[in-house]
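The exercises below each set a task and then work through it step by step. Inspect the sequence and the model before reading the solutions.

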Amino acid sequence: YDLDGKGVVTKDNIIELLDAFFRAAHTQPKIMGAPTPQSTQARHIVDRAEKENAQLLQRAIQEVLTETAAQAMVTFDKDKDGTLNYKEFRSWLETQRGPLRFLGFAS
């Protein structure tokens, strides 16, 4: 997942990779079980609540992705150059089989 072709993977590359996996596996959340409002005012309230929930979820996801990427760098950047070379990236990716399977990207 070397986006710029430099032969290494950065923390930002890992965040982008995880974000792409997550977006591919999940759709925007909706308020489950919410009845379809009949009035314009009620619909506005539901729309606003759904938007606020989506924003909160997006912030939480970004925090998790950032922390996961930071942990990958700490654990797998063996030469401590601030990037993962192919071997380091592959080692990290192999530890992600559980999360990737959960997201539907590994068997």
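**Exercise 1. Pairing within a helix**

In which helix do E52 and R48 both lie, and how many residues apart are they?

Solution.

Step 1. The conventions come first: this is a predicted model, where local features need pLDDT of at least 70, side-chain atom pairs count only at pLDDT 80 or more, and totals for chains, interfaces and linings use all residues. Residues are numbered from 1 along each chain as its sequence is written, and side-chain values use heavy atoms, with hydrogens and water left out.

Step 2. Both E52 and R48 belong to helix α2 (residues 40–76), and they are 4 residues apart, about one turn of the helix. Helices here are DSSP runs (H or I, at least four residues; strands are E, at least two), numbered from the N terminus.

Step 3. The two residues form a salt bridge, with 3.6 Å between the closest N and O atoms. The term requires a side-chain nitrogen of Lys or Arg within 4 Å of a carboxyl oxygen of Asp or Glu.

Step 4. E52 counts as partly exposed because its relative accessibility is 40%, and R48 is also partly exposed, at 47%. The classes are buried (under 20% relative accessible area), exposed (over 50%) and partly exposed in between, with a 1.4 Å probe and protein chains only.

**Exercise 2. The rest of the salt bridges**

Find how many salt bridges the whole structure holds, and describe the one formed by E94.

Solution.

Step 1. The search of the whole structure returns 2 salt bridges.

Step 2. E94 pairs with R90, the closest N and O atoms being 3.1 Å apart.

Step 3. Helix α3 (residues 86–95) holds both E94 and R90, 4 residues apart, about one turn of the helix.

Step 4. Relative accessibility is 40% for E94, so E94 is partly exposed; R90, at 44%, is partly exposed too.

Step 5. As background, side chains of opposite charge can pair when their charged atoms come close.

**Exercise 3. The nonpolar core**

Identify the residues that touch the most other members of the largest nonpolar core, and state which elements contribute to this core.

Solution.

Step 1. The core has 15 residues, and I14, L84, F89 and W92 touch the most other members. A nonpolar core is a set of buried Ala, Val, Leu, Ile, Met, Phe, Trp, Tyr and Cys residues joined through side-chain atoms within 4.5 Å.

Step 2. Two or more residues come from each of α1 (11–25), α2 and α3, and α2 gives the most, with 6 residues.

Step 3. Leaving out residues up to four places away in sequence, L84 touches V8, V9, I14, A72, M73, F76, D77, F89 and W92. Contact means heavy atoms within 4.5 Å.

Step 4. The buried residues of α2 are V46, E50, A54, I61, L65, A69, A72, M73 and F76.

**Exercise 4. The length of α2**

Compare the expected span of α2 with the distance between its end C-alpha atoms.

Solution.

Step 1. The expected span is 1.5 Å times one less than the number of residues.

Step 2. For the 37 residues of α2 this should come to 54 Å, and the end C-alpha atoms are 53 Å apart, which agrees.

**Exercise 5. The loop and α3**

Is T83 buried or exposed, and which residues of α3 are buried?

Solution.

Step 1. T83 sits in the loop between α2 and α3. T83 counts as buried because its relative accessibility is 13%.

Step 2. Beyond residues up to four places away in sequence, T83 touches V8, V9, T10, M73, D77 and E88.

Step 3. K80 is in the loop between α2 and α3. K80 is exposed, at 58% relative accessibility, and its phi is near 55°, a positive value in a residue other than glycine.

Step 4. In α3, E88, F89 and W92 are buried. They lie on the same side of α3, because they cover an arc of only 95° around the axis, taken from the directions from the helix axis to the C-beta atoms.

Step 5. The exposed residues Y86 and K87 are on the face of α3 turned away from its buried side.

**Exercise 6. The whole chain**

State the secondary structure content and the buried share of the chain.

Solution.

Step 1. The chain has 4 helices and 0 strands.

Step 2. Of its 107 residues, 25% count as buried.
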